[in-house]
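Please consider how the nonpolar interior of this protein is put together, and which strands and helices take part in it.

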Amino acid sequence: MNTISILFIGDVVGDSGCAHVRRLLPGLKETYHLDMVIANGENSAQGNGILPGSARHLFDSGVDVITTGNHAFRRRESNELFSREGGLIRPANYHSTAPGVGMFCFDALKFRVCVINLQGVVYMQPIENPFDCVDRLLKTVDTPNIIVDFHAEATAEKLCMGYYLDGRVSAVIGTHTHVPTADARVLPGGTGYVTDAGMCGGLNSVLGVRRDLAISRMRTNLPVRFENDPEDCRLSGVVLQLDRDTGTCIGIESLVML
């Protein structure tokens with residue numbers, strides 16, 4: 001069987017998260033014989049959002065495709081970035097006037113993998129229904145190898161998307177909540193699934209933010225300027241094994257690296 005080995009890295013947080021990806025990725029590529037690396041980079045800039053420098057750092061570190069989410073356009077510089085940078089995508093169900101695209105096909109000559117970025121609507125801002133959006137996009141895809149980054153808040157919405165796309169895509173990987181879930185599995189129709197891939201950020205932080213600042217916000221409900229926690233980074237994600245000819249997921253393994 002011809003297989004494709006893909007690493008999906010959960011939300012990369014700040015400078016320290018980017019540096020941790022660069023430190024670990026060469027070894028992970030060798031250990032898992034990776035053919036492709038995808039990372040969610042919507043928080044890769046210091047603070048939040050994504051900037052040209054953080055995107056370039058991830059690409060130069062060996063990431064092939066960068067997905068994003070609700071912080072995609074948090075920084076002014078990102079508007080131009082999404083318009084010019086191949087391999088960097090934003091949620092496809094954003095308004096049609098948003099810069100950039102929501103789908104990218106990675107061509108490795110021996111195989112092609114289409115990466116689709118979607119954003120949920122439950123407990124998030126109102127945008128196009130992601131189920132309708134992905135139906136439309138799948139009609140245009142010409143490879144069986146399809147990875148969906150579903151950037152969503154509600155676990156039920158993520159599970160619904162997983163089952164909705166089961167047998168139609170290779171994997172549905174949840175992002176956004178920064179906490180890795182323990183439900184990585186292959187669904188009955190052959191689609192790899194995990195509710196959340198986690199993050200690459202400070203182990204003793206609150207979703208990558210300094211815990212004292214996050215606690216202050218929760219206790220007082222007053223505005224707090226968040227700062228990323230650079231200490232004790234961990235990298236969370238999943239490693240996927242796909243049948244190159246059919247796109248079926250034949251294995252999914254959760255990964256946490258200190």
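The report below turns from the cores to a strand and then to a single lysine.

The model is predicted, and its largest nonpolar core has 26 residues, with Leu 7, Ile 9 and Val 21 making the most contacts inside it. At least two residues of this core come from each of S1 (3-9), H1 (14-32), S3 (36-40), H2 (52-61), H3 (78-84) and S12 (233-243), and H1, with six residues, gives the most. A second core, separate from that one, has 21 residues, among them Phe 106, Ile 147, Ile 173 and Val 238. In soluble globular proteins, nonpolar side chains tend to be buried together.

Apart from its neighbours within four places in sequence, Val 21 is in contact with Ile 9, Val 12, Leu 58, Ser 61, Val 63, Cys 200 and Leu 235.

Strand S1 is largely enclosed by the rest of the structure, because six of its seven residues are buried. The pairings of S1 are listed here.

| Partner of S1 | Bridges | Direction | Residue opposite Leu 7 |
|---|---|---|---|
| S12 | seven bridges | antiparallel | Val 239 |
| S3 | four bridges | parallel | Val 37 |

Lys 29, which lies in helix H1, has a relative accessibility of 32% and therefore counts as partly exposed, a class that falls between the 20% and 50% cut-offs. Leaving aside neighbours within four places in sequence, Lys 29 is in contact with Leu 34, Val 37 and Gly 62; of these, Gly 62 is 33 residues away in sequence, with a C-alpha to C-alpha separation of 9.1 Å.

Technical notes: Residues numbered from 1 in each chain as written. Predicted model: local features only at pLDDT ≥ 70, side-chain atom pairs only at ≥ 80, totals over all residues. Heavy atoms only, no water. Core = buried A, V, L, I, M, F, W, Y, C linked by side-chain atoms within 4.5 Å. Buried < 20%, exposed > 50% of the residue type's maximum accessible area, 1.4 Å probe, protein only. Contact = heavy atoms within 4.5 Å. Pairing = 2+ DSSP bridges.
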